[in-house]
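Colleague: I would like to learn how to read the ligand site and the open spaces of a model like this one. Could we take the features one by one?

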Amino acid sequence: MTTEKVDVLVIGAGPAGTVAASIIHQAGYTVKIVEKLKFPRFVIGESLLPRSMEALEEAKFIDAIKEKGFQEKFGAKFVKGNSVCDFTFKEQHTQGWTWTWQVTRADFDKTLADTVEKMGVPVSYETTVTDIKFNGSDSVTTVEDLQGNKHEIAAKFIVDGSGYGRVIPRLFNLERASNLQPRKALFAHTVDVRRSMADEPNRITAVVHKPGVWIWIIPFSTGVTSVGFVGDPSFFAEYPGTPEEQYRAMLEAEPYTRERFRGVDMVFEPRILESWSATTDKFYGDGFVLTGNVTEFLDPIFSSGVTLACVSAQTAAKLVIRKLKGEAVDWEKEYMEPTMQGVNTFRSYVMAWYEGTLDTIFFSKDQDPLIKNQICSVLAGYVWDETNLYVKNHNTALKRLARTIELTQILKQE
Ligand SMILES: Cc1cc2nc3c(=O)[nH]c(=O)nc-3n(C[C@H](O)[C@H](O)[C@H](O)COP(=O)(O)OP(=O)(O)OC[C@H]3O[C@@H](n4cnc5c(N)ncnc54)[C@H](O)[C@@H]3O)c2cc1C
């Protein structure tokens with residue numbers, strides 16, 4: 001078996017893997033990416049958040065992404081019956097990016113992978129990691145190609161960006177169950193010929209369909225729109241038939257989607273995903289760091305996945321560079337804690353969404369613009385800005401605000 005030597009081996013060519021690879025390569029280290037699939041490949045996760053732009057900028061990906069003409073995204077709209085709550089990223093507490101993109105991930109991820117390859121990072125596609133042996137922080141990884149040929153890669157450090165593949169947690173028994181309830185999604189790309197062009201294309205819309213069930217509507221610049229239902233698996237059991245029959249019946253059952261998506265053509269048969277929430281004991285170890293979905297993935301409601309992937313990769317890459325320079329790195333303080341700070345802030349918002357707390361806040365008639373700006377910053381992905389009380393006190397502030405709104409309504413009625 002041949003053995004190749006690199007400074008850093010990156011597993012997975014998704015956003016986490018490519019952002020980390022680019023930043024480490026720019027610091028002068030030899031990096032190689034191994035990717036199980038051939039790109040372009042389908043993956044869900046199409047709505048980005050402004051905070052991801054900072055990581056994509058540091059990875060020097062922005063110009064290449066701009067050239068692709070993806071749909072620009074300026075906000076997020078929440079709809080329940082006739083009530084609408086619209087967030088515009090320009091009106092937010094944190095100083096930062098005020099826009100981002102809505103992307104078909106197959107094209108977006110291929111753009112990132114092609115760009116990092118042009119920079120000089122080799123990407124081996126259709127190459128799967130099957131085993132890793134650590135000797136201190138040095139490692140030897142076994143990879144296998146489609147023909148079953150095995151090959152070894154010796155590295156001083158491994159960045160695991162393998163997403164739902166969860167390579168290192170699976171190989172080393174680090175997996176842990178999530179504390180979020182299992183949920184299911186049924187989604188497709190629709191040919192959206194009846195799209196309203198006013199505010200529609202430049203934001204994601206999340207429609208509350210029933211308690212605990214919501215719909216994402218993510219328009220792309222091509223005229224195609226991603227539409228997905230998310231909720232408790234019991235909701236989907238109410239709809240008989242094939243995934244397409246279920247999907248069309250669900251679109252018909254929701255007044256917001258009924259007319260617009262009636263009889264639409266679909267780019268692919270509706271697909272199902274379920275029980276995606278997962279986590280890991282610790283996000284680092286001697287000779288490796290976990291980034292992106294491998295650390296923890298929560299829920300699609302606030303489009304946090306790609307942003308957490310890019311930001312964790314950006315943070316991890318800088319620490320890997322310091323480690324390779326021989327500097328001391330406190331992985332717990334400098335990586336695990338900030339990563340969990342972001343994840344836990346989003347977790348509070350995800351829970352508040354499914355418990356109905358955010359319904360009370362989003363659809364209240366008297367909204368305080370300053371509070372709305374603070375919540376908007378969380379929705380823009382600025383979940384590390386502790387000057388924002390809705391970040392700092394993420395686990396109490398939303399409940400307190402909802403209770404105040406409810407009490408005010410009761411007093412008004414009396
Ligand atoms: C229903 C649903 C909707 C979502 N919507 C959104 C959204 O709107 N916005 C958002 O930001 N996020 C969303 N997400 C989350 C998003 O899909 C992920 O968070 C994001 O793709 C994570 O990026 P990543 O780079 O960590 O992993 P990935 O993009 O999954 O990339 C990992 C790569 O690793 C490769 N790999 C796996 N195993 C191996 C192996 N053994 N060897 C080599 N390579 C391997 C895979 O082939 C893959 O290409 C959604 C998720 C779900 C379930």
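**Ligand, pockets and backbone**

Modeller: Start with a polar contact: an oxygen atom of the ligand lies 2.7 Å from a polar backbone atom of Val306. Keep in mind that the model is predicted.

Colleague: How much of the ligand does the protein bury?

Modeller: Taken alone the ligand exposes 1000 Å², and the protein buries 96% of that area.

Colleague: Which elements give two or more residues to the shell around the ligand?

Modeller: They are α1 (15–26), α4 (105–119), β8 (127–135) and α9 (305–324). The shell has 38 residues, of which Glu35, Ile44, Ser47, Asn293 and Val306 come nearest to the ligand. By class there are 18 nonpolar, 14 polar and six charged residues in this shell.

Colleague: Which other polar contacts should I look at?

Modeller: For Asn293, an N or O atom of the side chain is 2.7 Å from an oxygen atom of the ligand. For Ser162, a polar backbone atom is 3.5 Å from a ligand oxygen. A contact counts up to 3.5 Å.

Colleague: Which pocket does the ligand take up?

Modeller: The space taken by the ligand is the largest pocket. The volume of the largest pocket is about 1100 Å³. It is lined by 50 residues, and those closest to its centre are Val43, Ile44, Gly163, Tyr164 and Asn293. Two or more lining residues come from each of α1, β8, α5, β12 (184–191), β14 (213–219), β16 (271–274) and α9. The lining splits into 25 nonpolar, 17 polar and eight charged residues.

Colleague: What is the volume of the second largest pocket, and which residues are closest to its centre?

Modeller: The second largest pocket has a volume of about 380 Å³. Of its 19 lining residues, Ser364, Asp366, Gln367, Asp368 and Ile405 are the closest to the centre. At least two lining residues are supplied by each of β5 (83–88), α11 (357–362), α12 (369–379) and α14 (394–413). The largest share, six residues, comes from α14. By class, this lining has nine nonpolar, five polar and five charged residues.

Colleague: A pocket is open, whereas a probe cannot get out of a cavity. How many cavities of 30 Å³ or more are there?

Modeller: The count comes to one cavity of 30 Å³ or more. The volume of the largest cavity is about 80 Å³. Its lining includes Leu49, Lys73, Phe78, Phe89, Ile204, Phe302 and Leu379. Both β4 (75–80) and β13 (203–210) supply at least two residues of that lining. By class, the lining of this cavity has nine nonpolar residues, one polar and one charged.

Colleague: What should I check in the backbone?

Modeller: Most peptide bonds are trans, and most residues other than glycine have a negative phi. In this model, a cis peptide bond joins Phe39 and Pro40, with omega about 0°. Pro40 lies in the loop between β2 (31–34) and α2 (51–58).

Colleague: What is the phi of Arg166, and where does Arg166 lie?

Modeller: Arg166 has a positive phi of about 45°, although it is not a glycine. Its place is the loop between β10 (150–160) and α5 (167–171).

Technical notes: Residues are numbered from 1 along each chain as its sequence is written. This is a predicted model: local features need pLDDT of at least 70, side-chain atom pairs count only at pLDDT 80 or more; totals for chains, interfaces and linings use all residues. Side-chain values use heavy atoms; hydrogens and water are left out. A residue is near a molecule or strand if one of its heavy atoms lies within 4 Å of it. A polar contact is a pair of N or O atoms within 3.5 Å; within protein, one must be able to donate a hydrogen and the other to accept it, and residues adjacent in sequence count only if both atoms are side-chain atoms. Accessible areas come from the Shrake-Rupley method with a 1.4 Å probe; for residues, only the protein chains shown count as cover. On a 1 Å grid over the protein atoms alone, a cavity is a set of points where a 1.4 Å probe fits but cannot get out, and a pocket is an open set with protein on both sides within 12 Å along at least five of seven lines; lining residues have an atom within 4 Å of a point. A molecule sits in a cavity or pocket if more than half of its atoms lie within 2 Å of its grid points. Helices (H or I, at least four residues) and strands (E, at least two) are DSSP runs, numbered from the N terminus. Ala, Val, Leu, Ile, Met, Phe, Trp, Tyr, Cys and Pro count as nonpolar, Asp, Glu, Lys and Arg as charged, and the others, Gly among them, as polar. Grid points are joined across faces, edges and corners, and a volume is the space filled by probe spheres set on the points.
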